[in-house]
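User: I would like to understand how the labels used for a protein model are decided. Please take me through some of them.

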Amino acid sequence: MVDPVTENNRAVIIGQIYDEPEFSHEVYGEGFYNFFVKVPRLSENSDYLPVTVSERLLEGIDTSVGNHVLIEGQLRSYNKYIDGNNRLILTVFARDIKQHDPKDKSQNPNQIYIDGYICKPTVYRTTPFKREITDMLIAVNRPYNKSDYIPAISWGRNARYCDRLKVGDRVRLWGRIQSREYQKKLSEDCIVTKTAYE
């Protein structure tokens, strides 16, 4: 039986713990911790994905840097007020975490499925290398009248198709979660490097 809480937003990532878990917040007496997981790509690169996990799930799990874990959960979003601006923060919210044998290559280490609605006009563009991309923002419903807002990109033929989607259209997406560094120019003298997740 499919869990109705996760049927429209499912993520599975497998990788190495990249930093020590750090206390984030508490809800109804239950503590939650944040850390990053380094997830390999097919290329030589890796994605560095933020994870939020309950202290309850961490019991018996070795969270030392470098240990391998398998995390099943959802990609969640929330707004955070940073430097005078609201920022959309994304994290993999763990519903289960297990130690993982790094020799076991039988499972795709980075998978996501979301079922939601286009909530902002799509943006079609081409990269400097002439690759076609369409940027989308997907609203994914959650219990208790909440929603997650997940940025997504499609490539090539899918990008051309997605450019025709309208606000309110329902979409189902399968893919991976990626981290991507970019540079933002704050002034003539100040350029900062930031990370986007999509």
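Analyst: Note that this model is predicted. Ask about any label you like.

User: Why is the contact of Asp 47 with Arg 41 called a salt bridge?

Analyst: The closest N and O atoms of Asp 47 and Arg 41 are 2.7 Å apart. The cut-off is within 4 Å, for a side-chain nitrogen of Lys or Arg and a carboxyl oxygen of Asp or Glu, so the contact is called a salt bridge.

User: Why does Asp 96 with Lys 98 count as a salt bridge?

Analyst: For Asp 96 and Lys 98 the closest N and O atoms are 3.6 Å apart. That value is within 4 Å, so this pair is a salt bridge as well.

User: How many salt bridges does this rule give?

Analyst: The count is ten. One network of salt bridges links Arg 41, Asp 47 and Arg 176.

User: What makes Asp 47 buried or exposed?

Analyst: Asp 47 has a relative accessible area of 0%. Buried means under 20%, so Asp 47 is buried. Its partner Arg 41 has 25%. Partly exposed lies between 20% and 50%, so Arg 41 is partly exposed.

User: How do you know which label fits Arg 142 and which fits Asp 148?

Analyst: Their side chains meet in a salt bridge, at 2.7 Å from N to O. Arg 142 has 21% relative accessibility, and buried requires under 20%, so Arg 142 counts as partly exposed. Asp 148, at 0%, is under that cut-off and therefore buried.

User: And what label do Asp 96 and Lys 98 get?

Analyst: Asp 96 has a relative accessible area of 28%, and Lys 98 has 41% relative accessibility. Exposed means over 50% and buried under 20%, so both residues are partly exposed.

User: What makes a residue part of the lining of the largest pocket?

Analyst: A lining residue has an atom within 4 Å of a point of the pocket. The largest pocket has 30 such residues, with Arg 87, Leu 88, Ile 89, Thr 195 and Tyr 197 nearest its centre. Strand 6 (85-99) gives the most to this lining, with seven residues. The volume of the largest pocket is about 960 Å³.

User: Which residues lie nearest the centre of the second largest pocket?

Analyst: They are Val 27, Phe 32, Arg 76, Phe 93 and Arg 142, out of 17 lining residues. Val and Phe count as nonpolar and Arg as charged, so Val 27, Phe 32 and Phe 93 are nonpolar, while Arg 76 and Arg 142 are charged. The whole lining has nine nonpolar, two polar and six charged residues.

Key: Residues are numbered from 1 along each chain as its sequence is written. This is a predicted model: local features need pLDDT of at least 70, side-chain atom pairs count only at pLDDT 80 or more; totals for chains, interfaces and linings use all residues. Side-chain values use heavy atoms; hydrogens and water are left out. Buried means under 20% relative accessible area, exposed over 50%, partly exposed in between (1.4 Å probe, protein chains only). On a 1 Å grid over the protein atoms alone, a cavity is a set of points where a 1.4 Å probe fits but cannot get out, and a pocket is an open set with protein on both sides within 12 Å along at least five of seven lines; lining residues have an atom within 4 Å of a point. Grid points are joined across faces, edges and corners, and a volume is the space filled by probe spheres set on the points. Helices (H or I, at least four residues) and strands (E, at least two) are DSSP runs, numbered from the N terminus.
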